[in-house]
Amino acid sequence: FPPKRSKSKIKTKKAKRVNNMRSIIIILLIIFITVYGLYADECSCENPCSPGFRCTRCNDRTGYGSRWCNGELKCQPCSKGRYSNRPNCDKHCMDCEKGYYSDVRGATECKPCPAGHSCDFFNKPIKCRRGYHNPQIANPLGCQPCGKGKYSDQIGALECKTCPVGHWCHSWVNKYATPCYWGQYQDEVGQTTCKICEAGTYTDKRRSTRCTPCGLGQYQPSFIYFGNQRADCKRCGEGTYSDVEGAVKCKTCPKGHYCPKYWVNHPLKCPPRKYQDQPGRVACKWCKPGTYNLKEGASKCELCPAGSKCIHGFPIICHYKYYSPEGSDECLKCPRKHFCPIPSLEPIPESNNRMIKTLIHKAALLSEETYHRKHSEGKTVYGFVEYRYDFIVVAFRGTDTWEDRLTDALVVKKSYSGCGGCQVHTGFLNSYSIVRKPMLEKVDILTRKHPKAKILATGHSLGGAKAALAAYELSMRGYLVDYVTFGSPRPGNVIFANNVNRAVRGMNLRVTFGRDIATVVPPKNSGYSHIGKEIHFTDQSTMHELPGYVDYAYGALRRNSFWDHKMKNGYRWLRDE
């Protein structure tokens with residue numbers, strides 16, 4: 001344990017501390033009394049105070065003076081914020097003027113307030129707060145607000161800054177420039193508000209100086225509730241699209257198109273086999289069974305053409321011996337005892353027209369006879385003109401020699417005189433020109449003998465083509481002509497065929513059998529056409545009348561038989577009644 005101190009020593013130290021405290025208090029009182037004029041000079045108007053002082057009773061300011069000075073008039077220094085610049089016996093000092101200050105006691109003058117400060121309390125300058133400025137020294141107005149369109153972000157600012165682009169300064173006291181919000185912009189300085197992006201534009205950044213047009217597949221409506229709704233563009237919904245930048249609204253997807261998802265910048269055309277008959281759709285429809293579409297952007301599907309079946313929007317041509325009506329989704333087999341020349345034609349029933357059969361029988365006998373005729377002098381026989389079966393018969397022989405085959409090969413078309421726009425097979429016309437003159441002379445002679453007799457122009461194969469030229473010329477000369485051919489090729493172009501069909505006033509029949517290949521040459525797509533109504537025999541006893549003067553394009557795949565073409569094979573039974 002530490003040694004114990006005596007009580008006398010402890011009392012001595014406490015007494016020393018008390019004496020020291022008393023000495024400090026006395027010294028402070030002396031300084032205080034001196035400062036407040038306990039020992040100041042007495043003053044009166046005859047003995048005024050020096051500049052910087054005022055004449056007042058020592059207890060006028062404080063209550064403590066009555067103990068030492070008893071209310072005597074004495075000179076005391078001017079307080080801070082006041083001054084006296086001359087000998088003074090007044091009770092008060094003068095206040096510093098606005099824009100000046102005094103930061104010491106007993107001042108003889110006030111100091112000017114520095115720029116960037118305010119001296120509202122006159123005793124010291126205070127720096128201007130943010131949002132205020134003071135550009136002058138000794139400015140009586142002090143710190144002033146920056147005003148709208150300007151700001152001050154520093155303490156003690158001499159001047160305010162102009163609100164930059166991309167910002168706005170809306171109040172009188174702006175401590176800083178407020179950035180424009182999303183969807184707003186400002187492209188001018190010193191503005192109090194930001195502009196809202198125009199319709200069709202947006203900005204997703206703050207402090208924007210311009211707005212960006214909406215991209216393809218987007219839009220920005222003209223009416224909004226809040227400016228920040230222009231912070232981004234809206235995507236076009238399903239069934240709509242936008243194909244321009246800066247769109248105010250999306251366009252409705254038109255018919256024949258579809259807009260399946262967001263960000264569609266152009267309508268998509270419906271592909272083949274599909275269609276869309278309503279606007280604003282997200283997908284195309286499949287063509288219904290029995291309809292088809294082969295092009296893009298269709299608003300409807302077409303009925304399936306006759307001769308085809310349409311499944312899933314695509315036409316498929318029916319096979320041989322099958323047919324289909326318009327708008328069908330299946331091919332039908334040709335019924336028994338019917339003939340289906342092409343799939344697009346309805347089945348043709350068997351015909352029992354005895355008059356036509358009788359005429360064909362007679363013409364078949366005459367056409368076969370041309371192959372057996374021989375000239376008495378050994379010359380080539382191209383046909384004959386005789387009065388038979390109450391007809392003036394003009395019969396031509398068909399292809400039988402190599403010379404005839406070379407004639408068939410001259411397929412180049414040649415203009416036919418006396419018929420505007422008519423063109424005929426060059427070989428057929430050359431061969432006909434050989435017998436034309438004697439044929440006309442003999443017809444004229446027989447007509448005088450039999451004035452009421454009709455002319456029957458007939459022939460097989462090449463002879464049928466020459467019979468067409470003879471029938472046309474005789475009809476144009478005023479004769480009443482029946483025209484019947486067997487296995488005839490196409491003699492001329494469409495104009496020639498139409499003129500012959502109009503000119504011939506009697507029977508105009510073109511007999512075909514089975515799959516005779518000569519009936520499909522020259523090809524129809526080369527500009528040739530048949531003459532007359534086709535009478536087709538599928539067998540020896542079944543005859544079919546095809547409607548109208550129509551040249552059906554059978555094609556070589558359906559008629560490709562040389563056997564059926566020969567008169568002694570395919571058409572041999574027609575001579576037997």
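Reader: Let's start with one residue: is Arg 505 buried or exposed?

Author: This is a predicted model, so keep in mind that we are reading a prediction. To judge burial, look at the relative accessible area: over 50% counts as exposed. Arg 505 has a relative accessible area of 55%, so it is exposed. You'll find Arg 505 in the loop between H7 and S42.

Reader: Which residues does Arg 505 touch, leaving out those up to four places away in sequence?

Author: Arg 505 touches Gly 478, Tyr 479, Leu 480 and Val 481. Take Gly 478: in sequence, Arg 505 and Gly 478 are 27 residues apart, but in space their C-alpha atoms are 9.8 Å apart.

Reader: Now the opposite case. Why does Thr 56 count as buried?

Author: The cut-off for buried is under 20% relative accessible area. Thr 56 has 2%, so it is buried. Thr 56 sits in strand S1, residues 53-57. Beyond its neighbours within four places in sequence, Thr 56 is in contact with Cys 43, Glu 72, Leu 73, Lys 74, Gln 76 and Lys 91.

Reader: How many residues does the largest nonpolar core have?

Author: That core has 35 residues, and Tyr 416, Met 439, Leu 474 and Phe 496 have the most contacts inside it. Several elements give two or more residues to this core, including helix H5 (426-449), helix H6 (462-476) and helix H7 (494-503). Strands do so too, among them S36 (391-396) and S39 (454-460). Another core, of 20 residues, lies apart from it, and Leu 359, Phe 486, Leu 509 and Met 567 are among its members.

Reader: What does Tyr 416 touch, not counting residues up to four places away in sequence?

Author: Its partners are Cys 422, Gln 423, Val 424, Leu 429, Leu 469, Tyr 472, Glu 473 and Phe 496.

Reader: At what angle do H5 and H6 pack?

Author: Here's the general idea: a pair of packed helices is described by the angle between the axes and the distance between them. In this model, H5 and H6 pack at about 50°, and their axes are 10 Å apart. That angle makes H5 oblique to H6. H5 passes H6 in a right-handed crossing.

Reader: Which residues make that contact?

Author: From H5, they include Phe 428, Leu 429, Met 439 and Val 443. From H6, they include Leu 462, Ala 465, Leu 469 and Leu 474. Sorted by type, the contact residues are 11 nonpolar, one polar and three charged.

Reader: And H7? Which of the residues of H7 are buried?

Author: The buried ones are Phe 496, Ala 497, Asn 499, Val 500, Asn 501 and Ala 503. What covers them includes H6 and strands S38 (423-425), S41 (492-493), S42 (508-513) and S43 (528-529).

Reader: Let's try the backbone. What is the phi of Ala 138?

Author: Phi of Ala 138 is near 60°, a positive value in a residue other than glycine. Ala 138 lies in the loop between strand S9 (132-133) and strand S10 (144-145), and at 18% relative accessibility Ala 138 counts as buried. Arg 273 is not a glycine either, yet its phi is positive, about 80°. Arg 273 lies in the loop between strand S24 (268-269) and strand S25 (274-275), and is partly exposed, with a relative accessible area of 33%.

Reader: What kind of peptide bond joins Val 521 and Pro 522?

Author: A cis one, with omega about -15°. Look for Pro 522 in the loop between S42 and S43.

Technical notes:
Residues numbered from 1 in each chain as written. Predicted model: local features only at pLDDT ≥ 70, side-chain atom pairs only at ≥ 80, totals over all residues. Heavy atoms only, no water. Core = buried A, V, L, I, M, F, W, Y, C linked by side-chain atoms within 4.5 Å. Buried < 20%, exposed > 50% of the residue type's maximum accessible area, 1.4 Å probe, protein only. Helix = DSSP H or I, 4+ residues; strand = E, 2+ residues; numbered from the N terminus. Contact = heavy atoms within 4.5 Å. Axes fitted to C-alpha atoms, helices over the stretch in contact; angles between N-to-C directions. Parallel < 35°, antiparallel > 145°, perpendicular 65-115°, else oblique. Left-handed = near helix turned anticlockwise from the far one by under 90°. Nonpolar A, V, L, I, M, F, W, Y, C, P; charged D, E, K, R; others polar.
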